[in-house]
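This report is meant for a reader who meets the structure for the first time. Please look over the sequence and the structure below before reading on.

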Amino acid sequence: MVVVDDAGQIVLVNRQTETLFGFERAELLGRPIEALIPERYREAHPAHRIHFTASPKLRPMGSGLELFGRRKDGSEFPIEISLSPLQVGQKRLVSSAIRNVTLRRRAEQKFRALLEAAPDAMIIASPDGRIVLVNAQAEKLFGYVREELLGEAVERLIPARYRAGHVGYRTAYSQDPKARSMGSALQLFAQRKDGTEVPVEISLSPIATEEGVLISSAIRDISERRKTEAAAKLASERLLSALESFHGAISLYDAEDRLILCNSTSRALFAPAFGGALLNVTYAELIGACLDKGLFGAVEDAGVFKARLLAYHRNPQGTLDLALSNGRTLRLTSRRTREGGVISTAVDITDDVMHEAELHKARSEAEAASSAKSEFLSSMSHELRTPMNAILGFAQLLQRDKRAPLTPAQLEKLGYVLQGGEHLLRLIDDILDLSRIEAGRVVVSTEPVGVNEVLEEVRQTLEPMAARAGITLTVGLSAGQEPPQVLADRTRFVQILINFGSNAIKYGKPGGRAEISVETLGDRLRLVARDDGIGIPLEKQDKIFQPFQRAGQEAGPIEGTGIGLSITKRLAELMGGTVGFHSTQGLGSEFWVELGIHRSAPPQRSDALPALSGSSLSSEQGDSFLIVYVEDNPSNIAFMQGVIDELPRVKLVAVANAEQGIEVIRALRPHVVIMDINLPGMSGYEATQRLRDLPETRDIPVIALTAAAMLGDRKRLEQAGFARYLTKPAKVAELLETLEELLAR
Ligand code: ADP
């Protein structure tokens, strides 16, 4: 405490003054007060002093001015001064209380340093909203320099539209100030000096100071975060809309198997079982609830069922179909996610299932209908054949009756009956054949077939027909050609060539030519039937291989059924071959079939010899045996003959069809029969069955010699009663072994 008179002379100092300034009391008394002031302020000080003395009033400490005192040793220290006028008698004195504020100033500096170091913009304001302090971050964020802000209302930093409201908030806050952290749900904005706005987060806290409570606010620019949030929101909205646009239920489970995402179909699916919030519910809980509510149809054992679903969920492979109690069927498809969770979709496949069932039903109905049709056709043809045979038989008897011969007019009419009857019989046979092929009941067995032999047979069959029609028929290989072998079913191969050849004659011109020839095309052999006849109109050509298509001949004089070519095409395809044709109306046609050529050399007798020499049948001594071989393929017969010729005590009789075969076997009673299966007319199966039914042939063992494909039908082979089955081409050793065994019995 220092008291000075109105001339500025010290009149009184106390003990603290001596300690504070380092002077003895005596040194100070009578000296001007400027002795205690740093030199740089001394000159200006008397003016302040005079100003105060002129209008003296109490001035408290902390006016905000930075004041310094000066010690005797010249050092300075920050002070605060309060002045009060004193009247002592006539004398006007001024008493000044002086406080050393060095410590406080230091604390303040520390506080400022802290403020500057804060990561956020800091603004400290007085309770009435005036800015007292700002840090560098605040300058940066708002675009102001410090001096522009100090003393201003904080509202300056807020967009105009929020200002009025803010005053209210601020007042309320300063009445009940307490710390409020960032991250309130409020969307706050700050305004920069340039007028632009920034989204911010603000935390508030009251600071108690000597000047009262100040409000400190930390302000954080969150524009980046908002941008990221907006991007994340957009991405999640897109994901959700994608999930929603999926027509089934889709659910995503995390690594702990908790549901973390699903679409509305999925929610609707689980809703009846799991009323509450679905998110975070585990898969096991969901399934359990669905089971309890009976959502799944026909579950025999809930435990097993649940285990099955969980197993699929944990290790999803393929799909899982689930029947619901409401009659619908869901197809579940789950996949593991990279995060170790599972994404699971469920699609309602009820309609597909129903459709499939309908298709299945339709298919079996169609199959049943088709087989019924074949059955009907086959029994109908049998039924028709019997009376037809009677009609034809008796018509022929009438025709030849020598005792009561018919008149020429009657004979002519009878000729028409016979002709019509024969046509009808052919039609019946063709329909039967076609229906068998369509029902898949025709099995062809392909084997190497000598083309020359076949062509010879075809020529013999067609010759009379060609002669009647006045057509020159040429059949055969051109000179010098090696006779090739093709892979075919001999009977069916002949049938194809006869169909082509007879058409060439039928649709030829009187005096014209028909020719069947052979061309080699790589590993295929093409057999062509050519004529110079009427040809086929272009517009009729595309349906020529379809059944009952007669290509304009329907009303014509040439007899036919329109089935031949369709049978031909199907047979060729069954043998792995193809058919084709060229035709020009008025000029002629050529039809061909292509079949695979059999390249390997036919079995030589020399191959057979080593095997034969060891056989017991190769010795001259012992019983003699007879074998009947029913086979329509001459090259097979030749091979068999070659083998048997080496066995001195065995004789072979070959028969070309089953009907004759049965008669020969009944008459000769051979020791063994070797039976081909695919025969023209009666099949080897049927023939063997007949032999089994006849007492005189019942015990003769029959060896089936058949294409490997036929072995698939073992049941049929067994039923027919074969003693053994051997595959074509026959292996000599195997054949011998079988013969030895059967003949030794
Ligand atoms: P079909 O001879 O019994 O009528 P196909 O199925 O054998 O039956 O032949 C179908 C039709 O193809 C015949 O009706 C005939 O119009 C025609 N066609 C077949 N071959 C010849 C050919 N070589 N020349 C002219 N037309 C033919």
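## A helix with one buried side

The expected span of a helix is 1.5 Å times one less than its number of residues. Helix α23, which covers residues 732-743 and so has 12 residues, should on that basis span 16 Å, and its end C-alpha atoms are indeed 16 Å apart, which agrees. The model discussed here is a predicted one.

Within α23, the residues Val732, Leu735, Leu736, Thr738, Leu739, Leu742 and Leu743 are buried. Because they cover an arc of only 165° around the axis, they are placed on the same side of α23.

## Two nonpolar cores

The largest nonpolar core has 47 residues, and those that touch the most other members are Val451, Leu455, Phe493, Leu497, Phe500, Leu527 and Val593. Helix α16 (residues 490-506) supplies the largest share of this core, with seven residues.

When neighbours within four places in sequence are left aside, Phe493 is in contact with Val449, Val451, Val454, Val486, Ala488, Leu527, Met575 and Leu595. Another core lies apart from this one and consists of 26 residues, including Cys290, Phe305, Leu309 and Leu310.

## An open sheet of five strands

Five strands form an open sheet with antiparallel pairing, in the order β12-β11-β15-β14-β13. The edges are taken by β12 (259-262) and β13 (320-323), and since each has a single partner strand, one side of each is left without a neighbour in the sheet. With direction ignored, neighbouring strands of this sheet are turned against each other by 25° on average.

Helix α12 (residues 302-314) lies across β11 (249-253), β13, β14 and β15, and runs at about 40° to β14.

## Pairing within the sheet

Strands β14 (residues 329-336) and β15 (residues 342-348) pair in the antiparallel sense over seven bridges, and Arg331 has Val347 in β15 as its bridge partner. On β11, five bridges make the antiparallel connection to β15, where Ser344 stands opposite Ser251.

Strand β11 also pairs with β12, again in the antiparallel sense, over three bridges, and here Tyr253 stands opposite Leu259 in β12. The hairpin of these two strands, β11 and β12, has five residues between them, and in it Asp257 takes a positive phi near 70°. Four of the five residues of β11 are buried, so β11 is largely enclosed by the rest of the structure.

Terms used
Residues numbered from 1 in each chain as written. Predicted model: local features only at pLDDT ≥ 70, side-chain atom pairs only at ≥ 80, totals over all residues. Heavy atoms only, no water. Buried < 20%, exposed > 50% of the residue type's maximum accessible area, 1.4 Å probe, protein only. Arc of directions from axis to C-beta. Core = buried A, V, L, I, M, F, W, Y, C linked by side-chain atoms within 4.5 Å. Contact = heavy atoms within 4.5 Å. Pairing = 2+ DSSP bridges. Axes fitted to C-alpha atoms, helices over the stretch in contact; angles between N-to-C directions.
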